[in-house]
Amino acid sequence: LNGTVNMRGGAGKLSGDALSIWADDVLSNIMTGRKRHTDVTCMLLKGNIKNGVLALQQAVLDTEDVLVRAKGSIDLGRQRLKLLVTPTPRKPALISLATPVRVEGVWDNPSVTPDKRAVMEK
């Protein structure tokens, strides 16, 4: 498989509260309670596919609380991910878990670990 990918999505909802816990103020989440969903403003995915591997040029998920960017590659044939996902919170936070994470491995059970370089820089 070879070619290009250009996807855009408009407003929508992501179920669950994982995104807000990861990228929002921890104290705010504790005080206001869990969110049932996250409102998405838009999303964008652009990249090139060569021999079944999608190399991301741009991957963005935009919400009211956070802008999430991803870099890396997705092996469509082997169903493997190798991504660096970076949140940028929209509001200042006293305590935040908003740290870039590496998402690597097979689609149905990837490992998600904090990016060591980003943790050391904090």
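In the predicted model, Arg78 is exposed, with a relative accessible area of 58%. Its salt-bridge partner is Asp75, and the closest N and O atoms of the two residues are 3.8 Å apart. Asp75 belongs to strand S5. At a relative accessible area of 16%, Asp75 is buried, because the value falls under 20%. Apart from neighbours within four places in sequence, Asp75 is in contact with Gly52, Val53, Arg80 and Trp107. Gln79 lies in the loop between S5 and S6. The phi angle of Gln79 is near 55°, a positive value in a residue other than glycine. Gln79 counts as partly exposed, with 42% relative accessibility.

The structure holds four salt bridges in total. In one of them, the side chains of Arg90 and Asp62 meet at 2.1 Å, N to O. Arg90 is located in the loop between S6 and S7 and Asp62 in strand S4, so the pair ties together parts that are 28 residues apart in sequence. Asp62 is buried, with a relative accessible area of 15%, whereas Arg90 is partly exposed at 45%. With neighbours within four places in sequence left aside, the contacts of Asp62 are Val40, Thr41, Cys42, Leu67 and Arg90.

Asp115 and Arg102 form another salt bridge, with the closest N and O atoms 2.8 Å apart. This pair links distant parts of the chain, 13 residues apart: Asp115 is in the loop between strand S8 (111-114) and helix H3 (116-121), and Arg102 is in strand S7. The relative accessible area of Asp115 is 9%, a buried position. Arg102, at 32%, is partly exposed. Side chains of opposite charge can pair when their charged atoms come close.

The largest nonpolar core has 18 residues, of which Leu54, Leu56, Leu83 and Val85 touch the most other members. At least two residues of this core come from each of H1, S3, S4, S5, S6 and strand S7 (101-106). S5 gives the largest share, four residues. Leu83 is in contact with Leu56, Lys71, Gly72, Ser73, Ile74, Val101, Arg102, Val103 and Glu104, not counting neighbours within four places in sequence. In soluble globular proteins, nonpolar side chains tend to be buried together.

The largest pocket encloses about 420 Å³ of space. Its lining consists of 14 residues, and Leu14, Leu61, Val68, Ala70 and Val85 lie nearest the centre of the pocket. Helix H1 (18-23), strand S3 (37-50), S4, strand S5 (66-75) and strand S6 (80-89) each contribute at least two lining residues. By type, the lining comprises 13 nonpolar residues, no polar residues and one charged residue. Val85 is thus named both among the residues nearest the pocket centre and among the core residues that touch the most other members.

Two further loop positions were examined. Gly10 is found in the loop between strand S1 (3-9) and strand S2 (12-15). Beyond residues up to four places away in sequence, Gly10 touches Val40, Thr41 and Cys42; these three residues are also listed among the contacts of Asp62. The C-alpha atoms of Gly10 and Leu44 are 9.1 Å apart in space, with the residues 34 apart in sequence. Asn51, in the loop between S3 and S4, has a phi angle near 55°, a positive value in a residue other than glycine. With a relative accessible area of 60%, Asn51 is exposed.

Notes
Residues are numbered from 1 along each chain as its sequence is written. This is a predicted model: local features need pLDDT of at least 70, side-chain atom pairs count only at pLDDT 80 or more; totals for chains, interfaces and linings use all residues. Side-chain values use heavy atoms; hydrogens and water are left out. Buried means under 20% relative accessible area, exposed over 50%, partly exposed in between (1.4 Å probe, protein chains only). Contact means heavy atoms within 4.5 Å. On a 1 Å grid over the protein atoms alone, a cavity is a set of points where a 1.4 Å probe fits but cannot get out, and a pocket is an open set with protein on both sides within 12 Å along at least five of seven lines; lining residues have an atom within 4 Å of a point. Grid points are joined across faces, edges and corners, and a volume is the space filled by probe spheres set on the points. Ala, Val, Leu, Ile, Met, Phe, Trp, Tyr, Cys and Pro count as nonpolar, Asp, Glu, Lys and Arg as charged, and the others, Gly among them, as polar. A nonpolar core is a set of buried Ala, Val, Leu, Ile, Met, Phe, Trp, Tyr and Cys residues joined through side-chain atoms within 4.5 Å.
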